[in-house]
Amino acid sequence: MENKILILFAHPAFEKSRVNRTLTKNLHKIEGITFHDLYEAYPDFDIDIKKEQQLLATHDLIVFHHPFYWYSSPSIIKEYLDLVLEHGWAYGHEGHALEGKYLMHVITTGAKEETYCAQGRNHYTIEQLLTPMEQTASMCNLNYIPPYMVYGSFSIEQQKIEEHRKQLENFYLDFLNGNLNLKNFQGECDINTVLNPKTK
Ligand SMILES: Cc1cc2nc3c(=O)[nH]c(=O)nc-3n(C[C@H](O)[C@H](O)[C@H](O)COP(=O)(O)O)c2cc1C
């Protein structure tokens with residue numbers, strides 16, 4: 001295995017989940033992937049900073065996987081960033097622990113893709129809404145990769161979710177085996193368009 005992937009998963013109501021339940025069902029079985037459910041690990045938000053820093057330091061691709069909540073992530077991810085990305089460790093003159101690693105999101109939305117544009121009901125693109133994360137990655141010398149998107153969770157068919165699951169697993173497997181240069185995805189609006197426009 002050439003690379004290691006850390007999936008930081010956050011879903012505050014996972015027992016009610018349909019889309020993320022399917023997308024994540026095999027991830028803990030894949031060698032080279034550490035699947036880390038933040039709400040399960042920290043129901044009281046009592047995040048173990050040193051343990052999380054150790055996890056980040058020992059993986060090559062860091063994935064924030066979550067449903068879109070109020071144009072952002074569920075709140076534990078903000079708490080995680082506030083606590084774990086310490087000055088002198090993640091950023092600042094002496095902070096180089098994350099340098100050269102890759103950061104991306106896997107995001108499911110209730111709304112359909114066409115609503116995320118200037119003329120649409122949500123007015124902004126996902127790319128625009130994720131700029132705080134992109135800049136956070138830049139401050140920490142992480143290579144920011146565009147997200148893997150699953151839109152329209154209220155109406156998406158189960159078969160389509162399965163297609164996304166397989167595509168995402170294959171993407172991870174290719175990266176784990178060293179067959180994917182993630183820099184090729186930089187500058188795209190999302191990575192699934194590049195992998196296979198038909199699955200969107
Ligand atoms: C508190 C809350 C906030 C949400 N905010 C958004 C949002 O800003 N944009 C959006 O498209 N969907 C939003 N949704 C819908 C969720 O993203 C959607 O239910 C989820 O992606 C479905 O995935 P699941 O089947 O794994 O639960 C929100 C849902 C909740 C409960």
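Visitor: Where is the place of His-123?

Guide: In this predicted model, His-123 sits in the loop between strand 4 (102-108) and helix 5 (126-129).

Visitor: What is the phi of His-123?

Guide: His-123 has a positive phi of about 65°, although it is not a glycine. Most residues other than glycine have a negative phi.

Visitor: Why does His-123 count as partly exposed?

Guide: The relative accessibility of His-123 is 47%. Buried would need a value under 20%, and exposed a value over 50%. The value for His-123 falls in between, so partly exposed is the term.

Visitor: Which phi does Trp-70 have, and where is its place?

Guide: The phi of Trp-70 is positive as well, at about 50°, and Trp-70 is not a glycine. Trp-70 belongs to the loop between strand 3 and helix 4.

Visitor: Why does Trp-70 count as exposed?

Guide: Its relative accessibility is 81%. The cut-off for exposed is over 50%, so Trp-70 meets it. Trp-70 is also part of one aromatic cluster, together with Phe-68, Tyr-71, Tyr-116 and Tyr-151.

Visitor: How many aromatic pairs does the count come to?

Guide: The count comes to 11 aromatic pairs. One of them is formed by Tyr-39 and Phe-45, with ring centres 5.9 Å apart and planes at 65°.

Visitor: Why is the pair of Tyr-39 and Phe-45 called edge-to-face?

Guide: Two values decide. The centres are 5.9 Å apart, and the limit for a pair is 6.5 Å. The planes stand at 65°, and edge-to-face requires over 60 degrees. Tyr-39 and Phe-45 satisfy both conditions, so the term applies.

Visitor: Is Tyr-39 buried or exposed?

Guide: Tyr-39 has a relative accessibility of 18%, so it counts as buried, the limit being under 20%. Its partner Phe-45 has 27% and is partly exposed.

Visitor: What kind of aromatic pair do Phe-171 and Phe-185 form?

Guide: Phe-171 and Phe-185 also form an edge-to-face pair, at 5.8 Å centre to centre and 80° between the planes. They link distant parts of the chain: Phe-171 is in helix 7 (residues 158-176), and Phe-185 is 14 residues away in the loop between helix 7 and helix 8 (191-195). Both Phe-171 and Phe-185 are buried.

Visitor: What makes Arg-21 count as lying over the face of Phe-14?

Guide: Arg-21 is at 4.0 Å from the ring centre of Phe-14. The distance limit is 6 Å.

Visitor: Which residues of helix 3 are buried?

Guide: The buried residues of helix 3 (residues 49-57) are Glu-52, Gln-53, Leu-55 and Leu-56.

Visitor: How do you know that the buried residues of helix 3 line one face?

Guide: Viewed down the helix axis, they fall within an arc of 160°, so they line one face of helix 3. Lys-50 and Gln-54 are exposed on the other side. The buried residues pack against strand 1 (5-9), strand 2 (33-37), helix 2 (38-41), strand 3 (61-67) and helix 4 (75-84).

Visitor: How many salt bridges are found in the whole structure?

Guide: The search finds 5 salt bridges. Side chains of opposite charge can pair when their charged atoms come close.

Visitor: Why is the contact of Lys-25 with Glu-162 called a salt bridge?

Guide: The closest N and O atoms of Lys-25 and Glu-162 are 3.1 Å apart, and the limit is 4 Å. The value lies within the limit, so this is a salt bridge. Lys-25 lies in the loop between helix 1 (19-23) and strand 2, and Glu-162 in helix 7, so the pair ties together parts that are 137 residues apart in sequence.

Visitor: Is Glu-162 buried or exposed?

Guide: Glu-162 is buried, at 18%, whereas Lys-25, at 38%, is partly exposed.

Visitor: Which residues are linked with Lys-25 in a network of salt bridges?

Guide: The network links Lys-25, Glu-162, Arg-165 and Glu-169. Arg-165 bridges to Glu-162 at 2.7 Å, and the two are 3 residues apart in helix 7, about one turn. Glu-169 bridges to Arg-165 at 3.0 Å, and these two are 4 residues apart in helix 7.

Visitor: Why does Glu-169 count as buried?

Guide: Glu-169 has 11% relative accessibility, which is under the 20% cut-off. Arg-165, at 8%, is buried too.

How values were computed
Residues numbered from 1 in each chain as written. Predicted model: local features only at pLDDT ≥ 70, side-chain atom pairs only at ≥ 80, totals over all residues. Heavy atoms only, no water. Phe/Tyr/Trp six-rings, centres within 6.5 Å; stacked < 30°, edge-to-face > 60°. Buried < 20%, exposed > 50% of the residue type's maximum accessible area, 1.4 Å probe, protein only. Lys NZ or Arg CZ within 6 Å of the ring centre and 35° of its normal. Arc of directions from axis to C-beta. Contact = heavy atoms within 4.5 Å. Salt bridge = Lys/Arg side-chain N within 4 Å of Asp/Glu carboxyl O.
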